[in-house]
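Please open the model in a viewer and keep the sequence panel visible. The tour below proceeds by selection, with a short account of what is found at each stop.

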Amino acid sequence: KKITRNEWNLEEWKSFEEFDNIFGSPLGIFHFGAKLPDKKNDNGNKNTQNIFNINIRSCLNLGEWAMTRNIPIIFLSSAVVYENPHATKIVETELRAINNLGGYYGLSKILAESIFNNLAKYGLKCIIFRPSSIYGHGLQSEKIIQNYLNLALQNKDLIINEPKNKINFIHAYDVVNAALRAYEVESWGTFNIASDEKNTISELVKIIINVTGSNSKIVLKDNNNKNTFSRFDLESKLAKKSFGFQSNINLEKGIQLMKKKMLMPC
């Protein structure tokens, strides 16, 4: 059963009886909803308040109800919780802290994780996922893969500022498949979820041009930044050991799936 914000606007605090009516008696709840930073329409305190209510307060509300009903929660956090998202071989025990990349959104995920972990001490069954950079159909247009894909389909120039920087991209299918598997074998705990490869921005753009057959030109810009980084270099060994996680969708296949979905008739 899919619960949308028509059934529950995550800004609204619900009574346990209201949750009973909304969810019924599920075997588990996959809590993947969140408020992302709205950089284009940043209205200051209002945006911060929405992030707090949707990403933090709702987790306490839902978590307390789920605990009393003995319903497991599978929660989607983020790799931006790590103090240094550009570190190498990041494991689950690395320090978490607010950083320039995640900002208040990252802090909201740290606090949400803390809520679920504290409730787990009192009996909540919980799985927390920290995925690397998720992509797939439905991405915001300003996200790097969606942005380049949109431009390539229009045969517009693809401008690259930092061609050698690497990012670990994980397709949404792999995340959802991992969540279902972890739930099935009751792997309560916190897990990194990442692909087995990191791609440079140059590699990403070339894959997009190849998949789309675009006539776009690649334009390299020198931003005078000589320092390269690798973002979300997460170790997923714990997930592999605990519930047999594996990444099945490589970047080329993932972009092919995105393109196919975008070009499907409405």
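In which helix is Ala 178 found? Select helix H5, residues 172-184: Ala 178 is found there. Please note before proceeding that this is a predicted model.

**First stop: Ala 178**

Is Ala 178 buried or exposed? Its relative accessible area is 4%, and a residue counts as buried under 20%, so Ala 178 is buried. Now display the side chains around Ala 178. Residues up to four places away in sequence being left out, Ala 178 touches Phe 129, Ile 193, Phe 243 and Phe 245. Next, add Gln 246 to the selection and draw a C-alpha to C-alpha distance from Ala 178. The two residues are 7.8 Å apart in space, although 68 residues separate them in sequence.

**Second stop: the four-stranded sheet**

Select strands E1, E2, E3 and E8. These four strands form an open sheet, in the order E1-E2-E3-E8, and the pairing is parallel. Which strands stand at the edges? They are E1 and E8 (189-193); each has a single partner strand, so one side of each lacks a neighbour in the sheet. On average, neighbouring strands of this sheet are turned by 20° against each other, direction ignored.

The sheet may now be followed from strand to strand. Begin with E1 (residues 29-31), which is joined to E2 by three bridges, the two strands running parallel. To locate this pairing, select Ile 29, whose bridge partner in E2 is Ile 73. Proceed to E2 and E3 (residues 126-131), which also run parallel and are joined by four bridges. Here Leu 76 has Phe 129 of E3 as its bridge partner. Phe 129 has appeared already, among the residues that Ala 178 touches. The next pairing is that of E3 with E8, in the parallel sense and over five bridges. Select Ile 128 to find it: the bridge partner of Ile 128 in E8 is Thr 190.

**Third stop: the faces of E2 and the cover of E8**

Restrict the selection to E2, residues 73-76, and show its side chains. In a regular strand, side chains alternate between the two faces of the sheet. Which residues of E2 lie on each side? Ile 73 and Phe 75 are on one side, Ile 74 and Leu 76 are on the other, and all are buried, so that both faces of the strand are covered. E8 is mostly covered, with four of its five residues buried.

With the sheet still displayed, add helix H3, residues 103-120. H3 lies across E1, E2, E3 and E8, and runs at about 165° to E2.

**Fourth stop: the three-stranded sheet and Ile 167**

Hide the previous selection and show strands E9, E6 and E11. The three form an open sheet in the order E9-E6-E11, with mixed pairing. E9 (199-200) and E11 (230-231) stand at its edges; each has a single partner strand, so one side of each is without a neighbour in the sheet. E6 (residues 166-167) is joined to E9 by two bridges, and these strands run antiparallel.

Select Ile 167, which has its place in E6. Its bridge partner in E9 is Asn 199. Ile 167 is buried, with a relative accessible area of 8%. Apart from neighbours within four places in sequence, Ile 167 is in contact with Ser 133, Lys 198, Asn 199, Ile 201 and Arg 231.

**Fifth stop: helices H4 and H8**

Select residues 144-153 for H4 and residues 251-263 for H8. These helices pack at an angle of about 60°, with their axes 11 Å apart. That angle makes H4 oblique to H8. Their crossing is right-handed. To view the contact, show Ile 145, Gln 146, Leu 149, Asn 150 and Leu 153 of H4, together with Leu 251, Ile 255, Met 258, Lys 259 and Met 262 of H8. Of these contact residues, seven are nonpolar, two are polar and one is charged.

**Last stop: Asn 53**

Finally, select Asn 53, found in helix H2 (residues 45-68). Asn 53 counts as buried, at 11% relative accessibility. With neighbours within four places in sequence set aside, Asn 53 is in contact with Leu 10, Glu 11 and Ser 58.

Definitions and conventions
Residues numbered from 1 in each chain as written. Predicted model: local features only at pLDDT ≥ 70, side-chain atom pairs only at ≥ 80, totals over all residues. Heavy atoms only, no water. Axes fitted to C-alpha atoms, helices over the stretch in contact; angles between N-to-C directions. Parallel < 35°, antiparallel > 145°, perpendicular 65-115°, else oblique. Left-handed = near helix turned anticlockwise from the far one by under 90°. Contact = heavy atoms within 4.5 Å. Nonpolar A, V, L, I, M, F, W, Y, C, P; charged D, E, K, R; others polar. Pairing = 2+ DSSP bridges. Buried < 20%, exposed > 50% of the residue type's maximum accessible area, 1.4 Å probe, protein only.
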